[in-house]
Amino acid sequence: MARTDEVTTGKTSGEAGRGTSGEAAGEAVGGTTLGYEQARDELIEVVRRLEAGGTSLEDSLALWERGEELAKVCRRWLEGARARLDASLAHEAEEAEADSRAAGRGTGEPGA
């Protein structure tokens with residue numbers, strides 16, 4: 001059983017129940033909340049193991065499924081980061097436009 005747990009969760013049965021602290025915003029995968037770097041590093045290890053070969057079909061399928069889960073976690077983190085950047089840039093553009101309009105009113109320029 002420990003071997004299957006290790007393949008599907010990347011942890012031995014003794015580690016499987018432990019979460020990580022400071023990652024409340026992470027995605028839950030296999031009962032553990034993962035940050036981006038942790039999911040990425042585990043995904044790299046899964047790919048390395050699959051490319052190395054020598055695993056049974058069952059273990060290879062379990063690794064592939066785990067890799068798919070980890071890829072989704074990474075994608076969600078990156079999409080969230082992109083959304084935050086886009087929102088921040090949009091907010092800065094709005095502030096710059098508002099500042100520009102306010103500056104135009106104070107100079108007595110026509111059309112302000």
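Select Glu69 to start: with 38% relative accessibility, Glu69 counts as partly exposed. The model on screen is a predicted one. Add Arg66 to the selection and show both side chains. Glu69 and Arg66 form a salt bridge, and their closest N and O atoms are 3.4 Å apart. Both residues belong to helix H3, where they sit 3 residues apart, about one turn of the helix. Is Arg66 buried or exposed? Arg66 is buried, because its relative accessible area is 4% and the cut-off for buried is under 20%. The partner on the other side of this pair, Glu69, is partly exposed at 38%.

Now add Glu42 to the two residues already selected. Glu42, Arg66 and Glu69 are linked in a network of salt bridges. Keep the three side chains visible while turning the model.

Next, zoom out and colour by secondary structure. The chain has 3 helices and 2 strands. In what order do the elements run from the N terminus on? The order is α-β-β-α-α. Helix H2 covers residues 36–52, and helix H3 covers residues 57–106.

With the whole chain in view, switch on the surface. The chain has 112 residues, and buried residues make up 21% of them. About 7,800 Å² of the chain is exposed, with carbon and sulfur atoms supplying 53% of that area. For the contacts, consider pairs with a separation of 6 or more: residues 24 or more positions apart account for 58% of these contacts in the chain.

Return to the cartoon and select Arg49, which is found in helix H2. Arg49 is buried, since its relative accessible area is 18% and buried means under 20%. Then pick Leu63 and draw a distance between the two C-alpha atoms. Arg49 and Leu63 are 8.1 Å apart in space, C-alpha to C-alpha, and 14 residues apart in sequence.

A second distance can be drawn from Ala71, a residue of helix H3. The other end is Ile44. How many residues apart in sequence are Ala71 and Ile44? They are 27 residues apart, and their C-alpha atoms are 10.0 Å apart in space. Ala71 itself is partly exposed, with a relative accessible area of 22%.

Go on along helix H3 and select Asp86 together with Arg82. These two residues form a salt bridge in which the closest N and O atoms are 3.5 Å apart. Asp86 and Arg82 both lie in helix H3, 4 residues apart, about one turn of the helix. Asp86 has 39% relative accessibility and counts as partly exposed. Arg82 also counts as partly exposed, at 48% relative accessibility.

Then select Glu97 and Arg101. Where do these two residues lie? Both are in helix H3, 4 residues apart, which is about one turn of the helix. Their side chains meet in a salt bridge, with 2.7 Å from N to O. Glu97 is partly exposed at 47% relative accessibility, and Arg101 is partly exposed at 46%. A search of the whole structure finds 6 salt bridges, including the pair Glu97 and Arg101 and the pair Asp86 and Arg82.

For the last stop, select Glu92, which is found in helix H3. Glu92 counts as partly exposed because its relative accessibility is 47%, which falls between the cut-offs of 20% for buried and 50% for exposed. Add Glu94, Glu95 and Asp99, and bring the surface back. What do Glu92, Glu94, Glu95 and Asp99 gather in? The four residues gather in a patch of negative charge on the surface.

How values were computed
Residues numbered from 1 in each chain as written. Predicted model: local features only at pLDDT ≥ 70, side-chain atom pairs only at ≥ 80, totals over all residues. Heavy atoms only, no water. Patch = residues over 30% accessible without salt bridge, like charges linked within 9 Å, V, L, I, M, F, W, Y side chains within 5 Å. Areas by Shrake-Rupley, 256 points an atom, 1.4 Å probe, with all protein chains shown as cover. Lys, Arg positive; Asp, Glu negative; His and termini not counted. Charge placed at Lys NZ, Arg CZ, Asp CG, Glu CD. Buried < 20%, exposed > 50% of the residue type's maximum accessible area, 1.4 Å probe, protein only. Contact = heavy atoms within 4.5 Å.
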